[in-house]
Amino acid sequence: MRLSGFASGMDINQMVKDLMQAERQPMQKMEQDQKELILKMGEYREVNREFLDFRKNTFDTIMRRANMDAKQVSSSNEALISGTASAGASNGTYTISNVLQLATAESHSSSQGIINSDGAQVDPNASLLDQFGKNSVGFSITTYDKAGAAVTNSFSFDGADTLNGVLSEINNSELGVQAFFDEHSGKISMSRTEVGVYNEGGHEIEFTDTDGFLTNTLHMTGTPDNTAQNAVFTLNGLATERQSNDFEINGMNISLKSKTTESVTLTVSNNTDDIFDTVKGFIDDYNELIEMVGGKVSQEYHRDYAPLTDEQRGDMSDSEIEMWEERAHSGLVRNDRILSGALTQMRQDIYAPVGVGENRTFSQITELGITTTSNYKDRGRLEVDETKLRAAIDQDPEAVFQMFSADGETHEEKGIARRVRETLNDQMKVISRKAGGSDSAANQTFTMGREIDQADERITNFERRMQQVEDRYWAQFTAMEKAMAQANAQAEQLMSFTMGGQMR
């Protein structure tokens with residue numbers, strides 16, 4: 001039982017509160033240290049996320065041959081013939097002339113309008129039974145694949161099916177046929193989705209009609225309206241043909257757009273702009289990375305601005321809290337050896353010579369026009385001489401690619417981007433062992449997590465001791481109140497005796 005000043009008249013609650021506030025001063029320091037540890041862990045994890053993003057971007061950009069061996073195709077007449085080139089296409093010039101015909105697809109249509117049993121134009125959404133009085137229909141269609149092999153599909157329908165349903169089944173089959181009903185003419189159109197000749201000496205679409213539905217009801221005679229043909233042209237003086245108007249030669253994709261007797265020149269060359277943009281993008285990403293990490297290790301650390309406790313926040317305005325926390329979050333990883341070491345190693349990776357064979361055109365990044373800025377405070381920030389870089393790409397794009405992406409058994413044989421990725425890989429593992437790989441990582445699996453748990457345990461133990469101290473204070477004050485109450489009672493008795501004697 002706690003007695004609060006009934007005998008002494010003192011505010012015991014406030015006195016105990018003030019005493020405990022003094023006793024809990026070490027607790028505030030422990031809580032602030034723990035909060036700073038958590039904030040520092042967040043700084044490490046933020047850096048790790050940036051390392052991870054850079055690694056991914058590097059793999060998807062400068063280390064991908066398709067980006068660093070980009071080709072472009074220029075045409076002397078884009079309206080007639082155009083082209084694109086994949087990475088690895090050989091530089092050179094191709095001349096196409098005498099495009100006598102373009103590749104076309106075979107097509108069929110009804111020889112006359114389709115009518116129903118009442119002599120009216122058929123309703124494609126009504127049942128076959130209602131329109132034609134048929135309880136079932138069946139037929140098969142044959143087409144030919146690119147190897148010239150026959151592809152046959154058999155179809156059967158009942159009276160509840162519709163004409164549009166029949167056409168939909170044909171369209172969804174593996175035949176490669178597009179069929180539709182034209183309401184204006186009342187006819188059906190059916191054509192191959194692929195242009196070109198696949199069945200030499202025969203039709204590309206062949207019908208086998210078992211009950212007369214195709215021939216008698218839909219009026220499909222089997223004779224094409226337009227026969228298939230291949231594209232016929234001359235390439236570099238050689239008369240040739242293709243089943244499609246779009247075809248590939250030596251990594252270059254050519255598109256024939258119109259018949260012509262004109263000679264059209266297609267030139268395959270290095271796409272200097274795309275390669276330049278890829279290298280420049282890598283340099284920009286690298287600069288952003290070292291700027292972020294360098295900023296953290298050089299930030300000023302404010303020792304007098306420890307993280308705020310909840311109690312301290314309650315006594316401050318929002319602007320004061322914002323100002324305080326800005327300083328409390330600053331410099332938590334100042335001069336950190338792990339992060340500073342990563343910056344140093346990346347600079348070494350960038351500038352060390354790259355051994356990619358005896359006949360290599362370039363061996364150092366400076367030969368590409370890429371150097372560090374003159375300001376030492378930039379911590380190795382790179383700058384690009386665009387004219388020199390473009391000239392290097394024009395001279396030997398493969399050597400530029402190898403400069404960044406070469407792989408080898410030794411560190412010296414690896415390209416710059418590959419080295420940096422491996423360095424970041426190693427540093428991410430070190431940071432993960434110290435600060436955890438993610439928010440879901442168990443505290444006991446990394447160093448700072450164990451330190452946070454230990455701090456939490458110290459706070460819990462201290463709070464337990466504070467409860468014991470508070471209980472002791474209350475016991476002492478309660479004992480004092482009881483003693484004073486007894487003394488007051490005795491004084492009142494003596495007073496009553498004295499006053500009683502005077503009255504007699």
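Let's start at a small detail: aspartate 182 has lysine 187 of strand 8 as its bridge partner. That pairing belongs to a hairpin made by strand 7 and strand 8, in a model that is predicted. From there, this briefing moves to a helix and then to the whole chain.

**The hairpin of strands 7 and 8**
- Strand 7 (residues 177-182) and strand 8 (residues 187-192) run antiparallel and are joined by 6 bridges.
- Between the two strands lie 4 residues, and glycine 186 in the turn has a positive phi of about 75°.
- Side chains alternate along strand 7: Val177, Ala179 and Phe181 are buried on one face.
- Gln178, Phe180 and Asp182 point to the other face of strand 7 and are not buried.

**Helix 1**
- The end C-alpha atoms of helix 1 (residues 12-23) are 16 Å apart, which agrees with the 16 Å that its 12 residues should span at 1.5 Å a residue.
- Ile12, Val16 and Met20 are buried in this helix.
- Seen down the axis of helix 1, the buried residues fall within an arc of 65°, so they line one face.
- An α-helix has 3.6 residues a turn, so residues three or four places apart point the same way.
- Lys17 and Ala22, on the other side of helix 1, are exposed.

**The whole chain**
- The chain holds 14 helices and 16 strands.
- Its radius of gyration is 43 Å, whereas a compact globule of 504 residues would have one near 23 Å.
- The C-alpha trace spans about 145 × 75 × 40 Å along its principal axes.
- Buried residues account for 40% of the 504 residues.
- Of the contacts with a separation of 6 or more, 70% involve residues 24 or more positions apart.
- About 26900 Å² of the chain is exposed, with carbon and sulfur atoms supplying 45% of it.

Terms used. Residues numbered from 1 in each chain as written. Predicted model: local features only at pLDDT ≥ 70, side-chain atom pairs only at ≥ 80, totals over all residues. Heavy atoms only, no water. Expected span 1.5 Å × (residues − 1). Buried < 20%, exposed > 50% of the residue type's maximum accessible area, 1.4 Å probe, protein only. Arc of directions from axis to C-beta. Pairing = 2+ DSSP bridges. Rg over C-alpha atoms; globule rule 2.2 N^0.38 Å. Contact = heavy atoms within 4.5 Å. Areas by Shrake-Rupley, 256 points an atom, 1.4 Å probe, with all protein chains shown as cover.
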